[in-house]
Amino acid sequence: MSATDTLLLRNADRRDDLSEKEFTISPGLRALVLTCADHRVDPAYVLGVDLGEAVILRNPGGRVTPSFIQNLAILAVVAAVEGIEPGFELIVMHHTDCGLSRLNGPEHAGLLTYYFGVGEEEISGKHVTDPYMSVQTDLEVLRSNPLIPRTLIASGVVYDIDSGRANIVCRAAPLGEVA
Ligand SMILES: [Zn+2]
């Protein structure tokens with residue numbers, strides 16, 4: 001049986017339960033989580049995010065890339081169109097043993113410059129091998145981008161795969177405030 005078939009069967013089991021739930025387009029916790037695509041760091045499991053509670057955005061490393069900023073901008077417009085009050089919380093969660101750390105060699109520098117939209121000389125500053133540094137770097141990228149609303153409340157977390165513990169690295173603060 002294919003993975004698709006397996007998952008559609010699981011959906012059939014929960015369809016009735018899902019159809020009874022009522023949600024608005026605004027997530028219950030007024031939160032977004034940016035984290036890695038890694039299957040071991042699913043926020044539904046490691047943070048206990050329930051259905052309808054938070055917008056989850058995932059990419060390799062859970063990084064603040066030009067593509068992520070584009071996603072955020074589109075979501076901000078959707079929220080404005082829907083008349084949703086600003087002041088959402090963004091949790092950036094990186095993790096130990098991240099696959100992105102395997103791209104640290106010079107042979108992958110070109111790929112990372114493309115991914116982060118920076119010059120090759122800036123790649124070392126992205127700290128792909130150190131989640132505690134990279135999460136701080138990404139919050140700084142958000143703070144320094146004038147296109148990101150200052151009302152966005154951002155925090156930085158590192159999830160340790162071995163211990164199962166999510167550690168706060170940067171406490172939640174509006175981007176307009178110096179953290
Ligand atoms: Zn990862």
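The following paragraphs describe a zinc site and two nonpolar cores in a predicted model. Because the model is predicted, local features need pLDDT of at least 70 and side-chain atom pairs count only at pLDDT 80 or more, while totals for chains, interfaces and linings use all residues. Residues are numbered from 1 along each chain as its sequence is written, and side-chain values use heavy atoms, with hydrogens and water left out.

The zinc ion is coordinated by Cys36 through SG, His95 through NE2 and Cys98 through SG, at 2.0 to 2.2 Å; donors here are N, O and S atoms within 2.8 Å of the metal (3.2 Å for Na, K and Ca), and since water is not among the atoms, sites may look incomplete. Cysteine 36 lies in strand 1 (residues 31–36) and cysteine 98 in the loop between strand 3 (89–95) and helix 4 (109–116), so the pair ties together parts that are 62 residues apart in sequence. Helices (H or I, at least four residues) and strands (E, at least two) are DSSP runs, numbered from the N terminus. Cysteine 36 is buried at 6% relative accessibility, and cysteine 98 is buried at 10%, where buried means under 20% relative accessible area, exposed over 50% and partly exposed in between (1.4 Å probe, protein chains only).

The largest nonpolar core, a set of buried Ala, Val, Leu, Ile, Met, Phe, Trp, Tyr and Cys residues joined through side-chain atoms within 4.5 Å, has 19 residues, and those with the most contacts inside it are Phe68, Leu90 and Leu142. Strand 1, helix 3 (66–81), strand 3, helix 5 (131–144) and strand 4 (153–160) each give two or more residues to this core. A second, separate core of 18 residues includes Val49, Met93, Tyr115 and Val118.
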